[in-house]
Amino acid sequence: MSAPTRVVILGASGFLGRAVHAGLSRNGVEVIAHSSRTLDLTRLEAFGVLEPVLGPETTLVLASALTPDRGQTPATFLANTAMAANLAAYLEGRRLRQLVYLGSDAVYAFGDDVVTEDTPVVPAGYYALGKYAAERVMECAARASSVPLLVLRVTGVYGPGDPHASYGPNTFARSLARERSVRIFGAGEEERDHVYVDDVAAIVVGLLRSGTAGVFNVATGQSRSFADVVKVMRDLVPYDVEVTSLPRKSAITHRRFDNARLNRALPDLRFTTLREGLRATLRAFGAIADE
């Protein structure tokens with residue numbers, strides 16, 4: 001399959017949607033971007049705006065979702081599944097070059113075992129359940145229209161432009177910029193795979209250029225504890241940082257990935273180092289000055 005000439009992004013104003021838009025544009029791909037202001041995915045009748053731009057040459061990316069900071073409730077679950085169901089209904093009988101779903105690693109359980117794409121999914125919570133349900137809806141829609149489907153289960157993303165308040169590097173950077181302090185749960189022992197936002201965009205672009213289909217975990221393959229993240233940030237800023245330990249709300253959990261499948265698909269892929277990614281993030285949030 002040749003590289004795409006036109007990509008439609010649904011959810012283009014979100015953290016990942018913006019990054020993917022920028023990455024595709026840098027590679028000379030025509031991008032048609034829709035946010036909730038131009039296409040309300042919860043309303044089936046709104047999809048008519050896609051009529052002039054969808055066709056066998058078009059790749060469609062679903063990047064829209066209500067993230068956990070919007071609430072882990074039945075209402076957010078229903079909204080996320082409604083978006084996918086409405087898109088599936090609209091796509092009936094329509095041919096596309098490719099359908100892409102930006103999913104989440106939240107579909108996996110936490111634990112000490114290394115996660116691969118073959119690891120059984122155990123969605124716990126309304127957000128994870130909604131993401132996995134939407135993933136399966138996209139699978140049904142793609143199969144019904146004989147369209148190749150690419151599913152990307154993205155792990156914890158950090159970097160400039162994140163509007164969310166999820167626990168991790170971006171929240172730490174905001175706190176450093178605001179009050180030169182960081183709050184972590186316990187001693188920050190939990191390990192997570194932290195992937196820089198521009199690397200996620202590069203992965204999407206690379207897989208689209210090759211026409212790859214299937215399920216891929218988007219992760220670096222190297223998990224670091226939140227304590228490690230804070231240590232790197234403290235080394236990068238030119239001032240003392242106060243670190244406060246908060247009582248834990250849950251047990252210590254870890255998530256580690258084997259990203260061999262992704263490396264086979266993109267053998268030239270190189271990830272931004274944690275230090276360089278955090279440096280760019282701190283600058284973007286005003287925690288350190290531009291050089």
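Let us start at an enclosed space: helix α2 gives the most to the lining of the largest cavity, with 3 residues. Keep in mind that the structure shown here is a predicted model. Helix α3 matters for this lining as well, since α2 and α3 each supply at least two of its residues.

To see the rest of the wall, look for Leu62, Ser64, Ala65, Asn80, Met83, Ala84, Tyr101, Lys131 and Ala134, which line the largest cavity. Sorted by class, the lining of the largest cavity has 6 nonpolar residues, 2 polar ones and 1 charged one. The space they enclose has a volume of about 40 Å³.

How do the two helices sit relative to each other? Packed helices in general are described by the angle between their axes and the distance between those axes. Here, helix α2 covers residues 74-91 and helix α3 covers residues 126-144, and their axes come within 9 Å and cross at roughly 10°. Angles under 35 degrees count as roughly parallel, and α2 and α3 are therefore roughly parallel to each other.

On the α2 side, the contact is made by Pro74, Phe77, Asn80, Thr81, Ala84, Ala85, Leu87 and Ala88. Facing them from α3 are Tyr126, Tyr127, Leu129, Gly130, Ala133, Ala134, Val137, Met138 and Ala141. What classes of residue make up the contact of α2 with α3? There are 14 nonpolar and 3 polar residues, and no charged ones. Some names may sound familiar by now: Asn80, Ala84 and Ala134 take part in this contact and also line the largest cavity.

For a closer look, pick out Thr81, which lies in helix α2. Is Thr81 buried or exposed? Its relative accessibility is 17%, and under 20% means buried, so Thr81 counts as buried. Leaving aside residues up to four places away in sequence, Thr81 touches Gly130 and Ala133. Both of these partners belong to the α3 side of the helix contact.

Now for the other enclosed space. A search of the whole structure finds 2 cavities of 30 Å³ or more, and the second largest has a volume of about 40 Å³. Around the second largest cavity you will find Leu91, Arg94, Leu96, Leu99, Ala141, Ala142, Ser145 and Val147. Its lining divides into 6 nonpolar residues, 1 polar and 1 charged. Among these lining residues is Ala141, which you have already met on the α3 side of the contact with α2.

How values were computed
Residues are numbered from 1 along each chain as its sequence is written. This is a predicted model: local features need pLDDT of at least 70, side-chain atom pairs count only at pLDDT 80 or more; totals for chains, interfaces and linings use all residues. Side-chain values use heavy atoms; hydrogens and water are left out. Axes are lines fitted to C-alpha atoms, for helices over the stretch in contact, and angles run from 0 to 180 degrees between N-to-C directions. Helices (H or I, at least four residues) and strands (E, at least two) are DSSP runs, numbered from the N terminus. Angles under 35 degrees count as roughly parallel, over 145 as roughly antiparallel, 65 to 115 as roughly perpendicular and the rest as oblique. Contact means heavy atoms within 4.5 Å. Ala, Val, Leu, Ile, Met, Phe, Trp, Tyr, Cys and Pro count as nonpolar, Asp, Glu, Lys and Arg as charged, and the others, Gly among them, as polar. On a 1 Å grid over the protein atoms alone, a cavity is a set of points where a 1.4 Å probe fits but cannot get out, and a pocket is an open set with protein on both sides within 12 Å along at least five of seven lines; lining residues have an atom within 4 Å of a point. Grid points are joined across faces, edges and corners, and a volume is the space filled by probe spheres set on the points. Buried means under 20% relative accessible area, exposed over 50%, partly exposed in between (1.4 Å probe, protein chains only).
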